[in-house]
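Q: Please take a close look at a single part of this model. I am new to it, so I would like each term explained as it comes up.

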Amino acid sequence: MNESDQATAAEPRHEDLVDERLVRWYFLAALLYLGVSMTGGLLMALQLVHWNPLNGIEIFSPGRWRFIHTNAVAYGFLANAFLGMLHWTVPRLTLHRVGSVKLSYFIFGAWQVIVLSTAAAFIVGPTLQAQPWVANLTASLQIPFSLGAQGIEWGETPFWIDPVALLGLVLVGVNFMVPIAKAKGPLYVTLWYFMAMFVWTPLTYAMGNFLPEYMVPGVNAGAVGGLFIHDLVGLFVTPLGWGMMYYIVPILLKKPIWSHGLSLVGFWGLAFFYPLQGIHHFLYTPIPMFLQYHAVISTIAVEFVVATVVINFIGTLWGDGRMIVTNLPLRWFYTGMIYYFITCFQCALQVTLTFQKLIHFTDWVVGHAHLVMFGVFSMWIFGFMTYLFPRLLNRPWYSRNLCEWHFWLSASGVFIMFLDLGLAGVFQGYYWAALFPWDVSVNGSQPFWVVRVFAGLMMFGGFLCFVYNLWKTYRGYAPAAATAPAPAVAPA
Amino acid sequence: MFESKGGVLFLAGVGFFVLAFLFNGVIPMLMFRDMPEQTAEQVVNPRLMYQFTELSRRYPESFRTAFGEPTEENCAQALRLGRQVYLGEGCWHCHSQFVRPVSNESLRFGEVSQPIEYQNELQRPVMFGTRRVGPDLSRQGGRHANDWHAVHFFRPKTLLPDSPMPEYPWLFEGDPSKPNQRGLALITYVQWLGSWLDSYPYYEELQDFEREDDL
């Protein structure tokens, strides 16, 4: 943000910068997909405890809904919510509109088509796979064409949607780089993260979705796939999440980030160390061992970087700790950040080969993944939505109590799930290493899996509170004129 | 540089990404460049052909409709389709396909996995897997008979009452004795896993089919 710029030019009006309708649409689409994803998660949790009422019905197969569960979170919920967030923050930080509002609407529509056709392909694709023309194509090109999911975790988007999705990601970058390019002077931290993400995400997407499918076979594809899973979290979701944190926390606390130096360390440390770690998802595979060691060491290194970022935000909060109680969005952000620190600390331990012997392939990893994706990034998004919806709808929340319920059910539900699955993982690891019959590990997991169902239901319950509250806020009472006007532009 | 657009876009954005790709992608590519990738036809082996032929005799009508004769070419086709079923049904999210050198895994499953085992068309993209709700499958070939697999896919609890594995009745025409094309392909694929190893388990006597018919 350039001080002299603001002093000389008249500050542009909020209405001219931000298309609020688009932000609303993105948020509503995100919430819809989150509901779908949670339903998929519930279906699998019920399957594991032998309570799945839909067992044996092809279109509700838990295997196929596993794809929907993860992909609806990554590309439905997180991508849509973050795009909504970008449409609010980037114009307000740069004081320029996005490249083209028409393009924004086109991207919105195209992205929903991509997400929905991906979901349709997961459900219908495997049924249609046994067609002669698919077999002929596969045999002649010697590339396995799967009409349903592609064989890369988190990159299951079918091969025929990949090019379109990649184009969409490039267009997103172009559309938001226009206002950033127009901004003069040094850029605020948030924009470093966003700018890097506009480069990283298309590169990551192209690497993960095209190389293992068409270019590199076998173990090598495993290395690239590991890098893809890792980069998708680290170079797509994480920079958006932290960019959002650097944007919103100073606004809520009404003071600048504690240390600019630590902000620099955090960004550049993440950028350097994070992408180096991909192979740590496949330790003890036939991938060459020296590459595995290198992934382990850089993972431990990045935890020090994470510590600097967390210290920076604690330093920012220092003296205003009381606001965690009173200010709900702030509470979402700082709880998410504590969970972030826990997952990252856990990472530094579980990435070591000693831990890997025991916990790899177990529910420990599943607990870890839920704490990252739900406990951190989804909770930050909930915080941002809790902050923004009253401004987008021009009226306060229908019920503060429901907001509290949303917070407590989500925050405690995911933490119970994390502890429960972590413990389950330790049990499973020892059952396996002790060479018990396989059934022992499955039956021994049942108590943990039952607890997991209820932890998941808590998270689902919190989500329903939020949706009901939003519905009532939207419909419940006539818009009081400017109860919560949009705050002044240029926060940093 | 550290706060400029150029620095963020080109050093952090492109530069560090490419650096990481060199370590995680290019180095393995160079290391494995002399290990040629085999096609599905090339990985068909006599043990797998035994199981494939057995399928054709056990389920003659289903087999004829799906694959015709039990030739090597048709076996390769079945492997390709079987892998797609394995992929599309999400088998790889609960079953891994690599045996680690730790945690007594070689005692439970068999030989520790080697890079060469994955240099083929059917591991594109590789089916390592990240979670084991069920056991590792990379040494599964030959451990169970074809009809065991058929019943197990149709309704796992029939054979393993405690198994949380979902049922796959759509791989059959209403009955475990009538697997359809996808069902036969998936059984072929599972019987292929590990069939290339010297440690292949001969749990079932591999009888000569012709002699059996004479008796």
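A: Domain bounds, as the word is used here, come from an automatic or database domain assignment. On that basis chain B is divided into domain 1, residues 1–34, and domain 2, residues 40–214, and the centres of domain 1 of chain B and domain 2 of chain B, taken over C-alpha atoms, are separated by 39 Å. This is a predicted model, in which local features need a pLDDT of at least 70 and side-chain atom pairs count only at pLDDT 80 or more, while totals for chains, interfaces and linings use all residues. Residues are numbered from 1 along each chain as its sequence is written, and chains are lettered from A and ligands numbered from 1 in the order in which they are written.

A word on confidence comes next. The pLDDT is the predictor's confidence in each residue, on a scale from 0 to 100; for chain B the average is 91, and 93% of the residues score at least 70. Where pLDDT is low, the predicted coordinates should not be read in detail. For the model, the scores are ipTM 0.91 and pTM 0.93.

Now to the overall build of chain B. Helices (DSSP runs of H or I, at least four residues) and strands (runs of E, at least two) are numbered from the N terminus, and chain B has ten helices and zero strands, so that its elements, read from the N terminus on, run α-α-α-α-α-α-α-α-α-α. Taken along the principal axes, the C-alpha atoms of chain B fill a box of roughly 80 × 40 × 35 Å. Of the 215 residues in chain B, 50% are buried, where a residue counts as buried if 20 or more other C-beta atoms lie within 10 Å of its own, as exposed if 12 or fewer do, and as partly exposed in between, with the C-beta atoms placed from the backbone. Two residues are said to be in contact if their C-beta atoms, placed from the backbone, lie within 7 Å. Among the contacts in chain B with a separation of 6 or more, 74% are between residues 24 or more positions apart.

One place to see this burial is helix 7 of chain B, residues 146–154, where B:N146, B:H149, B:A150, B:H152, B:F153 and B:F154 are buried. The cover over the buried residues of helix 7 of chain B includes helix 3 (46–58), helix 8 (156–159) and helix 9 of chain B.

Helix 3 of chain B also meets helix 5 of chain B: their axes come within 10 Å and cross at roughly 85°. Such axes are lines fitted to C-alpha atoms, for helices over the stretch in contact, and the angles run from 0 to 180 degrees between N-to-C directions. Angles under 35 degrees count as roughly parallel, those over 145 as roughly antiparallel, those from 65 to 115 as roughly perpendicular, and the rest as oblique; helix 3 of chain B and helix 5 of chain B are therefore roughly perpendicular to each other. Their contact is made by B:L48, B:M49 and B:F52 on helix 3 of chain B and by B:E72, B:C75 and B:A78 on helix 5 of chain B. By class, that contact has five nonpolar, no polar and one charged residues, where Ala, Val, Leu, Ile, Met, Phe, Trp, Tyr, Cys and Pro count as nonpolar, Asp, Glu, Lys and Arg as charged, and the others, Gly among them, as polar.

The loop between helix 6 and helix 7 of chain B holds B:P125. Most residues other than glycine have a negative phi, and most peptide bonds are trans. The bond that joins B:R124 and B:P125, however, is a cis peptide bond, with omega about -10°.

Finally, there is the side of chain B that touches chain A. Here 69 residues of chain B are in contact with 77 residues of chain A. On the chain B side, at least two residues each are supplied by helix 1 (5–31), helix 5 (72–88), helix 6 (105–108) and helix 9 (181–192) of chain B. Helix 1 of chain B gives the most, with 17 residues. By class, this side of chain B has 35 nonpolar, 19 polar and 15 charged residues.
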